[in-house]
Amino acid sequence: MATATSIVVVSTSITSATPSSTQNSDSILSGGNPTSYTPSNPIILFLIQASLILIVCRALHFPLGYLRQPRVVGEVLGGILLGPSVIGRIPGFTNTIFPAASIPVLNNVANLGLILFLFIIGLEVDLRVFFSNWKMALSVAGAGMTLPFALGCAIAHGLYYQFLNEEGLIPIGYGTFLLFVGLAMSITAFPVLCRILTELKLMSTPVGITTLAAGVGDDVVGWILLALCVALVNAANGITALYIVLATIGFGLFMFFAIRPAFIWILRRTHSLQDGPTQGVMVLTILLCLGSSFFTGAIGIHSIFGAFLTGLIMPHEGGFAIKVTEKIEDLMCALFLPLYFTLSGLSTNLGLLDNGITWGYLIAVTIVAFSSKFIGCAIAARLNGLVWRESFSIGSLMSCKGLVELIVLNIGLQAKILSIRVFTMFVVMALITTFATSPLTSALYPPWYQRKIQAWKRGEIDWESGAPIRSENSSIDDKMHRQKRGPSEIRSLLIYLRLDNMPNTLAFVSLFGGKPSESTAKIHPQHEDKATLPESAQLQEKKRSIIQVHGVRIVQLTSRTTSVMTVSEVGELSAFDPVLNAFRVLGQLYNLAVSGEVAVVPEDSYAETLTTRASEEYSDLLLLPWTETGSLSESPMVSKNTMEYKLRSDAYSSFVAEALNTSKCTTAVFINKAFSGSLEQSPLALTRRIIAKSERGTQVDDITELPTVDRSHHIFMPFFGGTDGQAAVHLALQLAENPEVTLTIVHYQIRVEDSASEDAIIAKGIAKEKIRIRTSGDRSDGEDFFVTMQHNLSKALRSRVTFRTSISYDPVQDAIADAQTEVGQNPGNGGDLIMLGRSAELAESQASSCLGLVADVMLERDVKASIVVVQARKE
């Protein structure tokens, strides 16, 4: 009998464990309803819920993105839309799609995502930012929490007694409620703050640095206070609450002083700090996060605090925190977080805002939350030396509540500290303050004001008039004067560094420099006093002759969290970026004063970033290399088709056209065609299979390529007149100062098209719609300029530079014919160049492309030389 009973029990358990999807009654084909919730098979309804939530959230985020609103706003609005406030009013919708029995499953998945999200928030918090600016950060964060906390406690008095008897609340102490409301008023959304600072390009400004450092302190203190508040709610008495707090402090110390050193030791042994986390290290990291979350949840505070603490102990050296975030963020941001914040919206019922007292408290909560944070942070920033407008911008940024506020409110709702009505008021407040942050900051601290305040602080301009302040021996004044008068000689160059054409671009830039001077015998330091040091005047002259080259390496800013973290660590990225380091070597080899930086900006801001930096650096020339990949991306090419169609890239053409249209200095576009050679496949790689099959002892000779002996370059410059053509002539002559460069300049003139010349054109066989040019400006100006440049040519250049004039019926076709005979005649040299002005237009054609129609024709004819298209600075 006992045996039979045990068999029955086992059989029952097996039957219950069998997935209900195998039962015919649950199948759509047998008439089953997939939206009906069954505890044994909750996945079907969960898939419907998750899909609906993701579709609604993404649909709302699309228009909100144009308003520069963070993704969390669309997710919460999506929950409100699906909740009892809007769609939930449709009869049967909530009971069908979001039945009460299915919410725990949805909630578990969302809470898992919340744990991972708090872990990433901890990864984002770089305490080095706080400690490097601790004085200002401490004062701004302190004032930004003290005043809102005090006013929040004041308004909490009315909220406590007005909504004390709401449904769903548990009896809590007056002090605990005051602590929670004060915390909700004083919190700042650090992740959203980082996103806004990055999108508004404020990370490197005094406003961004101060806000970021203060946000770190605010974030850490806020989570500590929230942990204390939850401990007080969950504790049965004061002694238990004290034990919870002490256990939390002890666990935090254990994580920082025991777990963190051991974890870093493992990372160094596995080379994960340098090469990124291995799969085993990622498993260990996730286990640390889950174990820490379990402990903090088990002792009586929320599990998210353990995840946040684990993120705090992660090292930032070598970009480890960024690489860990890359492994986690996609699934978390795409699925888990929308579920969590949509659940916040589902718990929000705007219908409960149904009387004047509730609306009065909603308005009061919103005003107090924003104004107290705004005023407190602004006054603290002003006392630290910032101007009022910068201080107000910091106050606006620090008043952003965002998703951190929603997490705090959800914890209060789950702990039954807040009723649904009070929860709804605070959610609306969080949405309003978050929505207002970006527009208000943009209005208070626009880009033109940023440039003006920075120039004023450097002592370059007068604040009232904006006029430059001249000082004796000021290099800045010299740069500004030289930029205004349009220098014929390039002394300062800004270059857009791209990985795909780095070797060829550096070879072109090297033409501006020169070979290092003859090496001299070095003197031992003990005998330096006996040696004659060079005169200071010679040193000053040498410094003036050196060309300054500033390289800008652009990294695309995406919606990923890792992209925002990269912005905050852009200083280290600039120091260790391999492209910048290779660029720095160029200065040592060719006597160029080289500097560089990394900029993390959105793709649509590439052109603006380069032209703005060129203006800030007072550059004489902005050099834009053309893409080798066929797009703005620098990813390696996987086929030769990319090379064939690189000139047809619409995205890159738009980028170059925008840069040319907005640039204030002389701008050149470099289109590479094997300039300074191209890297071919190694002969060893070509013969590797043969070597593998050949007999032992067989040797392959002559597999090493010798370096190029002839480093000379020939430049062909067809001159059609106009300011752009004149700027191209000046640039070509400066490059010709390099002893390894020869130059041919041809001035093409078109005959006056009277009736006789028209007959001559027809007799020659050139159709009327054939390619012909008209120059911008007076014809005589071009002739006078050409003659002047020819007569003023220095004696050192006369052996390498040739001028000639060509009168033609079809100048463009003649220029192409001359180019084919001028360039590409010495395949063993370092590569030839064709220099063009952009402004020459075709008389019988439509508007010119971004490079100009003459350049387009040159590229279509496949002339064997790289092309440089020059646009003169704009008056």
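Contact here means heavy atoms within 4.5 Å. Keep that in mind as you click around this predicted model.

**Stop 1: the whole chain**

Start zoomed out, with everything shown as cartoon. You have 36 helices and 12 strands on screen. Of the 875 residues in the protein, 50% are buried. If you consider contacts with a separation of 6 or more, 80% of them are between residues 24 or more positions apart.

**Stop 2: Phe-308**

Select Phe-308, which sits in helix H14 (residues 304-312). Is Phe-308 buried or exposed? Its relative accessible area is 6%, so Phe-308 counts as buried, the cut-off being under 20%. Now show what Phe-308 touches: leaving out residues up to four places away in sequence, the partners are Leu-118, Phe-119, Ile-121, Gly-122, Val-125, Asp-219, Val-220 and Trp-223. Add Ile-120 to the selection and check the C-alpha to C-alpha distance to Phe-308: the two are 7.5 Å apart in space, with their positions 188 residues apart in sequence.

**Stop 3: helix H8**

Next, select residues 174-186, which form helix H8. H8 has 13 residues and spans 18 Å from first C-alpha to last, close to the 18 Å expected at 1.5 Å a residue. How many residues of H8 are buried? The count is 11 of 13, so this helix is mostly covered. Among the buried ones are Phe-177, Leu-178, Leu-179, Phe-180 and Met-185. To see what does the covering, turn on helix H7 (134-162), helix H10 (206-234), helix H16 (356-383), helix H18 (402-414) and H19, which are included in the cover.

**Stop 4: H17 against H19**

Stay with H19 (residues 420-444) and add helix H17 (residues 388-398). At what angle do H17 and H19 pack? The angle is about 175°, and the axes are 9 Å apart. H17 and H19 are therefore roughly antiparallel to each other. Show side chains for Arg-389, Phe-392, Ser-393, Ser-396 and Leu-397 on H17, which meet Thr-437, Leu-440, Thr-441, Ala-443 and Leu-444 on H19. By class, that contact splits into 5 nonpolar, 4 polar and 1 charged residues.

**Stop 5: H13 across H15**

For another helix pair, select H13 (residues 279-298) and H15 (residues 320-346). Their axes come within 12 Å and cross at roughly 85°. That makes H13 roughly perpendicular to H15. On the H13 side, pick out Val-281, Met-282, Thr-285 and Ile-286; they meet Phe-320, Val-324, Lys-327 and Ile-328 of H15. The contact of H13 with H15 has 6 nonpolar residues, 1 polar and 1 charged.

**Stop 6: two cysteines**

Select Cys-377 and Cys-400. Cys-377 is buried, at 0% relative accessible area, and Cys-400 is also buried, again at 0%. Don't go hunting for a bridge, though: the structure holds 0 disulfides.

**Stop 7: helix H29**

Move along to residues 650-662, helix H29. With 13 residues, H29 reaches 18 Å between its first and last C-alpha, close to the expected 18 Å. Which residues of H29 are buried? They are Tyr-652, Ser-653, Phe-655, Val-656, Ala-657, Ala-659 and Leu-660. The cover over them includes strands S1 (492-497), S4 (621-625), S5 (666-671) and S12 (866-871), along with helix H27 (606-616).

**Stop 8: positive phi, twice in loops**

Most residues other than glycine have a negative phi, which gives you a reason to look at the next two. Tyr-618 has a positive phi of about 55° although it is not a glycine. You'll find Tyr-618 in the loop between H27 and S4, and it is buried at 12% relative accessible area. Then select Asn-591, whose phi is near 55°, also positive. Asn-591 is in the loop between helix H26 (578-590) and strand S3 (592-601). At 34% relative accessibility, Asn-591 is partly exposed.

**Stop 9: helix H35 and what follows**

Finish on residues 811-822, helix H35, where 12 residues reach 16 Å from first C-alpha to last, close to the 16 Å expected. Its buried residues include Pro-811, Val-812, Ile-816, Asp-818 and Glu-822. Just after H35, click Gly-824, which takes a positive phi of about 75°.

Definitions and conventions. Residues are numbered from 1 along each chain as its sequence is written. This is a predicted model: local features need pLDDT of at least 70, side-chain atom pairs count only at pLDDT 80 or more; totals for chains, interfaces and linings use all residues. Side-chain values use heavy atoms; hydrogens and water are left out. A disulfide is a pair of cysteine sulfur atoms within 2.5 Å. Buried means under 20% relative accessible area, exposed over 50%, partly exposed in between (1.4 Å probe, protein chains only). Axes are lines fitted to C-alpha atoms, for helices over the stretch in contact, and angles run from 0 to 180 degrees between N-to-C directions. Helices (H or I, at least four residues) and strands (E, at least two) are DSSP runs, numbered from the N terminus. Angles under 35 degrees count as roughly parallel, over 145 as roughly antiparallel, 65 to 115 as roughly perpendicular and the rest as oblique. Ala, Val, Leu, Ile, Met, Phe, Trp, Tyr, Cys and Pro count as nonpolar, Asp, Glu, Lys and Arg as charged, and the others, Gly among them, as polar. The expected span of a helix is 1.5 Å times one less than its number of residues.
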